[in-house]
Amino acid sequence: MDFFDNDIYHVPNTCTECGGELVYKGVGEYRCEQCKAVVYDDYGKVRLYVEQHPGATIAETEAATGVPHKVIRQLLREERLEVAAGSRTFLSCRACGVQIRSGEFCPQCAAKQPPKSEDPRRKNMKKDMMGVGMNDISGQEGAKRFTRDKL
């Protein structure tokens, strides 16, 4: 799961009240520029519910918010949410199986993991963002590189 897979969290684009443009305000919350209505993506719905109902289980959260169990577990694995302290339910470390509250690995196994390689899509995106004419700019420092054709 990464930046390119936003649609799994049902990120809203337009206001459900008036059809206006939504502006991201943070932590899964979006506000309409026209009518000021507040809309939440899946993360925002789950976060809000868990804040109002501490210790809620995944099943309770799924029933109340409509966010699928799989998405809630993904939010836990991404460390965007954490299993409440004192809960009977935990995640398991993917390497050793010890109980953890969020993420994929316990601290000991995380230290042993090789650094994540960069996503090839992001690597290509960085290369593509270099711009036109960036290959050989030696000797052109401060010089005008582009001219506008006269009409």
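Here are three short exercises, each with a worked solution, on the predicted model shown above.

**Exercise 1. Which elements make up the protein chain, and how do they run from the N terminus on?**

Solution. Start with the inventory: the protein chain holds five helices and five strands. Then walk along it from the N terminus, where the elements run β-β-β-α-α-α-β-β-α-α.

**Exercise 2. Work out how the open sheet of three strands is arranged.**

Solution.
1. Begin with the order, which is S1-S2-S3, with antiparallel pairing.
2. Next, look at the edges. Strand S1 (22–26) and strand S3 (38–40) each have a single partner strand, so one side of each lacks a neighbour in the sheet.
3. Add the twist: neighbouring strands of this sheet are turned against each other by 35 degrees on average, direction ignored.
4. Now zoom in on one pair. Four bridges link S1 to strand S2 (residues 29–32) in the antiparallel sense. As a landmark to find in the viewer, Tyr-24 stands opposite Tyr-30 in S2.
5. For background, the strands of a sheet pair through backbone hydrogen bonds.

**Exercise 3. What share of the protein chain is buried, and what does the chain expose?**

Solution.
1. Take burial as under 20% relative accessible area. By that cut-off, 25% of the 151 residues in the protein chain are buried.
2. Turn to the surface: the protein chain exposes about 11,300 Å², and carbon and sulfur atoms supply 50% of that area.
3. Finish with contacts. Of those between residues at least 6 apart in sequence, 25% join residues at least 24 apart.

Methods
Residues are numbered from 1 along each chain as its sequence is written. This is a predicted model: local features need pLDDT of at least 70, side-chain atom pairs count only at pLDDT 80 or more; totals for chains, interfaces and linings use all residues. Side-chain values use heavy atoms; hydrogens and water are left out. Helices (H or I, at least four residues) and strands (E, at least two) are DSSP runs, numbered from the N terminus. Buried means under 20% relative accessible area, exposed over 50%, partly exposed in between (1.4 Å probe, protein chains only). Contact means heavy atoms within 4.5 Å. Accessible areas come from the Shrake-Rupley method with a 1.4 Å probe; for residues, only the protein chains shown count as cover. Two strands pair if DSSP finds at least two bridges between them. Axes are lines fitted to C-alpha atoms, for helices over the stretch in contact, and angles run from 0 to 180 degrees between N-to-C directions.
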